[in-house]
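Trainee: I would like to take a close look at a single part of this chain, and to understand how that part sits within the whole. Could you take me through it slowly, beginning wherever you find it most useful?

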Amino acid sequence: KPEWDQVLPAARRTPREAMLAAANAYFDGIEAGSGANVPAAPGCNRYENGAKTTNRPGGPQEGCRGLSGFAYVERVRDRRFPLVDEERGLVWALAVFDLPGGTYPVPGGGAPVKREPRSILVGELFRLEAGQIQDIEVVMRNVPLGGAAGWALPKPPKAKK
């Protein structure tokens, strides 16, 4: 999208720390199953592997705050933010979503959905203007539950007693 490469006017830029806080609020909202604390613009859209997942005809119109459908994600771990571009309002985030598996309700009704246990390696590019997330582009890949992220730091060994 051409707007992803445009330099924002200074008045529409978001400070680096606020950009990181917005991306973290989004991941925290996925863990909580609620977008109440996500600073997203009303028309914000999310695309997963090229498919629009928000504001679709006949679907919920909650935009990027509609996170109740992520109830199957138990944890968002190994978060990294290798790119923050204040001039363009972009944050590139890497994370791992852990899904323990089970049967979950579908937001808005319908038959519950069975989810297999797995982890998902996720790359999300957030575009922000004036402190609000405008769009999110996501690429993801399933791996076995608990799968390691190539970007995560190893845990230090436990101290011997």
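Mentor: Let us begin with Gly50, which counts as exposed because its relative accessibility is 64%, above the 50% that an exposed residue has to exceed. Gly50 belongs to the loop that links strand 1 (40-48) to strand 2 (51-52). Although 42 residues separate Gly50 from Trp92 in sequence, the C-alpha atoms of these two residues lie 16 Å apart in space. Please keep in mind throughout that we are reading a predicted model.

Trp92 also gives us a way to place a residue of another strand, Val138, which is found in strand 8. Here the separation along the chain is 46 residues, and the distance from C-alpha to C-alpha is 9.8 Å. Val138 has a relative accessible area of 2% and is therefore buried, since a buried residue is one under 20%. If we set aside residues up to four places away in sequence, Val138 touches Arg46, Tyr47, Glu48 and Asn49, and also Val122, Gly123 and Glu124. Of these partners, Arg46, Tyr47 and Glu48 fall in the range of strand 1 (40-48), while Val122, Gly123 and Glu124 fall in that of strand 7 (118-129).

The loop between strand 7 (118-129) and strand 8 (132-143) holds Ala130, a residue that deserves a careful look at its backbone. Most residues other than glycine have a negative phi. Ala130, however, has a positive phi, near 50 degrees, without being a glycine. With 41% relative accessibility, Ala130 counts as partly exposed. A positive phi is also found at Asp78, again not a glycine, where the value is about 50 degrees. Asp78, by contrast with the loop position of Ala130, is part of strand 3 (residues 75-85), and its relative accessibility of 23% makes it partly exposed.

Ala130 brings us to Thr14, because the two are in contact, as the list of partners of Thr14 shows once neighbours within four places in sequence are left aside: Met19, Glu86, Leu128, Glu129, Ala130 and Gly131. Thr14 itself is in the segment that precedes helix 1 (16-32), and with a relative accessible area of 4% this threonine is buried. One of its partners, Gly131, also offers a backbone nitrogen that lies 2.7 Å from a polar atom of the Thr14 side chain. The segment before helix 1 is thus joined by contacts of Thr14 to Ala130 and other residues, and Ala130 sits in the loop between strands 7 and 8.

It remains to set these residues within the whole chain, which has one helix and eight strands, arranged along the sequence as α-β-β-β-β-β-β-β-β. Among contacts between residues at least 6 apart in sequence, 64% join residues at least 24 apart, and the contact of Thr14 with Gly131 is one example of a pair distant in sequence. Of the 161 residues, 39% count as buried, Thr14 and Val138 among them. The radius of gyration is 17 Å, which agrees with the value near 15 Å that a compact globule of 161 residues would have, and the C-alpha trace spans about 55 × 50 × 25 Å along its principal axes. At the surface, the chain exposes about 9,100 Å², of which carbon and sulfur atoms supply 55%. Finally, the mean positions of the 22 positive and 18 negative charges are 7 Å apart.

How values were computed
Residues numbered from 1 in each chain as written. Predicted model: local features only at pLDDT ≥ 70, side-chain atom pairs only at ≥ 80, totals over all residues. Heavy atoms only, no water. Helix = DSSP H or I, 4+ residues; strand = E, 2+ residues; numbered from the N terminus. Rg over C-alpha atoms; globule rule 2.2 N^0.38 Å. Buried < 20%, exposed > 50% of the residue type's maximum accessible area, 1.4 Å probe, protein only. Contact = heavy atoms within 4.5 Å. Areas by Shrake-Rupley, 256 points an atom, 1.4 Å probe, with all protein chains shown as cover. Lys, Arg positive; Asp, Glu negative; His and termini not counted. Charge placed at Lys NZ, Arg CZ, Asp CG, Glu CD. Polar contact = N/O pair within 3.5 Å; in protein donor to acceptor, adjacent residues only side chain to side chain.
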